Each structure stands twice: as structure tokens, then as C-alpha cells.
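Trainee: I'm new to this one and would love to learn how its labels are earned. Could we go through them together?

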Amino acid sequence: MKKSTLMGITAVLTLLSFASVSSAFYEGMPSIDGQIQNDEYQNHYKDSKINMDVYWTLDEENIYMALRSHSKGWIGIGIDPTGSLMQGADIILGYVKDGKLSIEDNFANSAVNHALDTALGGKNDILESAGSENDKGTVIEFKRKLNTADSFDRALTDREYKVLLAYSDTDDLTSYHPAKSTAFINFFSGKGQNEDIDNVGNGGSIVKTQNPTTDSIPTEKNRFQSFLTMLTGIISIAGVTIALLIIPERGGNE
Ligand code: HEM
């Protein structure tokens, strides 16, 4: 085989490898597909008290958010309660059953209860949503406008909000939460801290690594991407090695 042909094959293999490896990483805005990928979101708040994660990214108009619990029931976030306990919080909650996400735009119409925005005269402002569930837990992802112009939603601006986090081990959205926590988060600056409502003392924090791999839920998609990345890496290394072995030997016989 000619040296130029070999070099061409090597170049193509290397390019293919880079293209495929880079396709495993997401650029731009998060994709609402029910999976949290490495570096998909710009911000990550980890609540270590209840072992729940909140990921989010803003664009000029929208917030993209992912919630993850290590349980198989409903999971939710409530923003800016104005009264006692949950009262007045702008809530989004959902669960995954038989591979299908059910998600609701709610409002806490009492200290200890919540209802659909639509039932209260508002609207459903969830623009996109997806979820996944396996033995390790639940992920729900959604996109909504920063300012939905619905009086049952909070218009998000650059300030700190009290945030309610909770999840359950059942899919019944009217069931009480065995896990609950409160945090203070500024969604614009990415700053946040835990309010230790039960004085348990283990709090939560904004995670700067932005790398959820260590405890992310393995999914078919994740596994396929890892396989693809590994395969292209092997092909690339094999291509370069073969070329390096053959080119010096044959180079002089052209
Ligand atoms: C129908 C479902 C729900 C019921 C029956 C319920 C009930 C209650 C009750 C009775 C309390 C006061 C007692 C306590 O602190 O444990 C409470 C507090 C709390 N709930 Fe809920 N809740 C529901 C849904 C939610 C959702 C969806 C969230 C999160 C988005 C949430 C987050 C919280 C938090 C963080 C607190 C503590 C607030 C504080 O102490 O400042 N709850 N809930």
C-alpha cells in the first residue's frame, strides 16, 4: 500500500475518532431528554441532606432544569414560598412510571398543599419535559420561561430565592414527602446554600465540578456513548499504530 494512502486512512480514522468523541459531549443549551450528561448544565446544587440534585442553565428567556433523587417516587421543586412552610411556592413536580413522565406546574395554595396552576386559573407553563427512572433513582428535566406572566409562577430575576426541595417514594402526587429540604439559590449567579431546617447539620452546596458522572444514573444512552467513545478511541490508536509501523518500512519502496 502506498505511503500516501496509508496516511490518508490514518487521517480519516483520526478525524472520525475526534468527531465521534466530541459528539458525546453536549454543546449549547441542555437537551430535555430525561438524562443528565456531563457538563450539560451550567449550574449544580447538591443537597446532601436529602441527596437530591438540582441542575440548571439559563438563556435569555428560559430556564432549563433537571432534578434528580435517589428514589423512585415523585420529585419536586418549589420556588419562593411567601407564607409559612410551602405557602405561595411556585412548584414543579413529576414522576416517571413505566418509562413515561408525568409532570405538573403547581402552586402551593396553602402551607401544606398544592394544586395545578390550571385549576387555580393560571396556565401550564412547562414548555418541554422528559424524565427517566431506574433502580438508582429518578430524573426529571424541563424548560420554562423565566417570566411566564402567570400569577401562579414566580418571574425569576437575579436575586436569591428560598427553594423547597422534596421527593417521595411513591408516585402519588398528593402523598407527603419523606425527604424535604430548603435552600437559598440565585439562579442567575449560580450561588446557593442550604437552610438547615431540621438542624441536622449536613446541609448542601453549589457543586463547582459540574461533573455528575460519579453518581449519575446509568442509562442506555450513557452506556452507548461510552461504548462509542471507547470504540473510536481504539480504532484511532490502532490506525495510528499501524500507520507508524508500516510507513517507515514501505516508504522507501514507492
Ligand atoms: C401533596 C403533597 C404535599 C404534602 C401533603 C405536603 C405536606 C407538607 C407538610 C404537612 C409540611 C409541614 C411539615 C413538615 O415540615 O414536614 C410540609 C413542609 C414542606 N414541604 Fe411539603 N407537602 C407536599 C408537597 C411538597 C412539594 C411538592 C414540595 C417541594 C417542591 C414540598 C416541600 C416542602 C418543604 C421543603 C417543607 C418544609 C418547609 C419549611 O420547613 O420551611 N412539599 N409539606
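Mentor: Gladly, and let's begin in a loop: with 17 C-beta neighbours inside 10 Å, Gly190 counts as partly exposed. Gly190 sits in the loop between strand 11 and strand 12 (191-195). Residues are numbered from 1 along each chain as its sequence is written. This is a predicted model, where local features need pLDDT of at least 70, side-chain atom pairs count only at pLDDT 80 or more, and totals for chains, interfaces and linings use all residues.

Trainee: What makes Gly190 partly exposed?

Mentor: A residue is buried if 20 or more other C-beta atoms lie within 10 Å of its own, exposed if 12 or fewer, and partly exposed in between, with C-beta atoms placed from the backbone. Gly190 has 17 such neighbours, so it is partly exposed. Its C-alpha atom is 7.9 Å from that of His44, 146 residues apart along the chain.

Trainee: And why is Lys49 called buried?

Mentor: Lys49 has 22 other C-beta atoms within 10 Å, so it is buried. Lys49 belongs to the loop between strand 1 (43-47) and strand 2 (52-58). The C-alpha atoms of Lys49 and Ala179 are separated by 8.8 Å, with their places 130 residues apart along the chain. Across the chain, buried residues make up 36% of the 254 residues.

Trainee: Is Ala149 buried or exposed, and how do you know?

Mentor: Ala149 has 10 other C-beta atoms within 10 Å, so it is exposed. Ala149 is placed in the loop between strand 9 and strand 10. Its phi is near 65°, a positive value in a residue other than glycine.

Trainee: Which value of phi does Asp80 have?

Mentor: Asp80 has a positive phi of about 60°, although it is not a glycine. Asp80 is found in the loop between strand 4 and strand 5, and it is partly exposed because it has 17 C-beta neighbours inside 10 Å.

Trainee: How many helices and strands are there?

Mentor: The chain has two helices and 13 strands. Helices (H or I, at least four residues) and strands (E, at least two) are DSSP runs, numbered from the N terminus.

Trainee: What makes up the largest nonpolar core?

Mentor: A nonpolar core is a set of buried Ala, Val, Leu, Ile, Met, Phe, Trp, Tyr and Cys residues joined through C-beta atoms within 7 Å. The largest has 39 residues, and those with the most contacts inside it are Val54, Met65, Leu67, Ile77 and Leu165. Strand 10 gives the largest share of this core, six residues. Leu165 touches Asp47, Ile50, Met52, Val54, Ile77, Lys180, Ser181 and Ala183, leaving aside residues up to four places away in sequence. Two residues are in contact if their C-beta atoms, placed from the backbone, lie within 7 Å.

Trainee: Which residues are closest to the ligand?

Mentor: The closest are Gly76, Gly78, Val112, Leu164 and Ala166, among 19 residues that surround the ligand. A residue is near a molecule if its C-beta atom, placed from the backbone, lies within 6 Å of it.

Trainee: Where does pLDDT stay under 50?

Mentor: pLDDT is the predictor's confidence in each residue, from 0 to 100. It stays under 50 over residues 18-26, and residues 208-223 are also below 50. Where pLDDT is low, the predicted coordinates should not be read in detail. The chain averages a pLDDT of 80, and 65% of the residues score at least 70.
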